[in-house]
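Got your viewer open? Keep the selection box handy, and we'll go from one stop to the next.

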Amino acid sequence: VNEIADRKQAEALLKESEGKYRRFFNTSRDCVFITSKDGSWIDLNEAAVEIFGYASREELMQMKIPDHYANQGERERHLNIIMEQGYTKEFPVNLLRKDGTVIHTLITSAAWYDAEGNLMGFQGTIRDITERKKAEEALLESELKFKSFAEHAIVGTYIFQDDIFKYVNPKFAQTFGYTVEECLNNMPFETLVYPEDIAYVKEQIRKRTEGEIEFIHYSFRGLKKNGQV
């Protein structure tokens, strides 16, 4: 009786575990896969079909894993790492959609062995980060454009945040007689303002930081490093 009870409990736990895995498998926004060691799909979810741009799960299952790699050298490096340490975590790989479009992905995978320790295949997830990659590249391009403009501007340009200068261009530093490095060394703005004008400048900063105004044009007396007003 005890053996039957233990077996039923084990079967119930196994069924619960399989149910949790299947729910994750079916609802994950990432590709979830199981492949054989020779590069064939054994199982995959619907997210994989969408990521790789195929019409159906059955169509994608006909493809070989190596055919999805934009660079076969990346596949070799990927497999070598798995065989050395048993898994990879967010390994960056460029893969191919059905139409030949390159997508940027992060693969987390692990080797899968049978009870005797023989390699059966691999299982894991593939995350499509193509849109994130595009956003990062666009942001970098924007930053480079800003820096190129600011570095050669004939007027002082700065970014002031958390009560210190996060960025100043060469013209800004030159105006006050400092180097760029000196301005960025936790210099408070009061250092650059004539003492009698500090309260006035603080008020203008408050109006902007608290959202009372979006843009303001005002003048104040500055103080150079040598004390010149």
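## Stop one: an aromatic pair

Select Phe 189 to begin: with a relative accessible area of 12%, this residue is buried, since anything under 20% counts that way. Bear in mind as you click around that you are looking at a predicted model.

Now add Phe 160 to the selection. Its relative accessibility is 25%, so Phe 160 counts as partly exposed. A pair of aromatic rings is described by the distance of the centres and the angle of the planes. For Phe 160 and Phe 189 the centres are 5.7 Å apart and the planes sit at 90°, so this pair is edge-to-face.

Colour by secondary structure and check where the two rings come from. Phe 160 belongs to strand β6 (residues 158-161), while Phe 189 is in the loop between α7 (180-183) and α8 (198-209), so the pair ties together parts that are 29 residues apart in sequence.

Next, widen the selection to Tyr 158, Phe 165, Phe 172 and Phe 176: with Phe 160 and Phe 189, they form one aromatic cluster. If you feel like hunting for others, the structure holds eleven aromatic pairs.

## Stop two: helix α8

Select 198-209, which is α8. Does its length work out? What span should twelve residues have at 1.5 Å a residue? The expected figure for α8 is 16 Å, and the end C-alpha atoms are 16 Å apart, so the two agree.

Show side chains for Ile 198, Val 201, Gln 204 and Ile 205, the buried residues to look at in α8. Looking down the axis, you'll find that they cover an arc of only 125°, which puts them on the same side of α8. Bring β6 back on screen too, as the buried residues of α8 pack against that strand. Before leaving, click Gly 211, just after α8: this glycine takes a positive phi of about 80°.

## Stop three: the cores

Hide that and select Cys 31, Trp 41, Phe 52, Leu 60, Leu 95, Ile 107 and Ile 126. These have the most contacts inside the largest nonpolar core, which has 18 residues. The elements giving two or more residues to this core are β1 (31-36), β2 (41-44), α2 (46-52), β3 (87-96) and β4 (102-113). Which element gives the most? That would be α2, with four residues.

Centre on Cys 31 and list its contacts beyond four places in sequence: Asn 45, Ala 47, Ala 48, Ile 51, Phe 52, Gly 124, Thr 125 and Ile 126. Apart from this core lies another, of 14 residues, including Phe 165, Tyr 178, Leu 192 and Ile 205.

## Stop four: two residues on β4

Go to Thr 105, in strand β4. Is it buried or exposed? At 2% relative accessibility, Thr 105 counts as buried. Switch on distances: a polar atom of the Thr 105 side chain lies 2.8 Å from the backbone oxygen of Val 93. Leaving out neighbours within four places in sequence, the contacts of Thr 105 include Phe 91, Leu 95, Ile 126 and Ile 129.

Last click: His 104, also in strand β4. With 22% relative accessibility, His 104 counts as partly exposed. Its side chain makes a polar contact with the side chain of Asn 94, at 2.8 Å. Beyond four places in sequence, His 104 touches Val 93, Asn 94, Arg 127, Asp 128, Ile 129, Thr 130 and Lys 133. To finish, draw a line between the C-alpha atoms of His 104 and Thr 125: they are separated by 14 Å, with the residues 21 apart along the chain.

Notes: Residues are numbered from 1 along each chain as its sequence is written. This is a predicted model: local features need pLDDT of at least 70, side-chain atom pairs count only at pLDDT 80 or more; totals for chains, interfaces and linings use all residues. Side-chain values use heavy atoms; hydrogens and water are left out. A nonpolar core is a set of buried Ala, Val, Leu, Ile, Met, Phe, Trp, Tyr and Cys residues joined through side-chain atoms within 4.5 Å. Buried means under 20% relative accessible area, exposed over 50%, partly exposed in between (1.4 Å probe, protein chains only). Contact means heavy atoms within 4.5 Å. Rings of Phe, Tyr and Trp (its six-membered ring) pair if their centres lie within 6.5 Å; planes under 30 degrees apart count as stacked, over 60 as edge-to-face and the rest as tilted. A polar contact is a pair of N or O atoms within 3.5 Å; within protein, one must be able to donate a hydrogen and the other to accept it, and residues adjacent in sequence count only if both atoms are side-chain atoms. The expected span of a helix is 1.5 Å times one less than its number of residues. The arc is that of the directions from the helix axis to the C-beta atoms.
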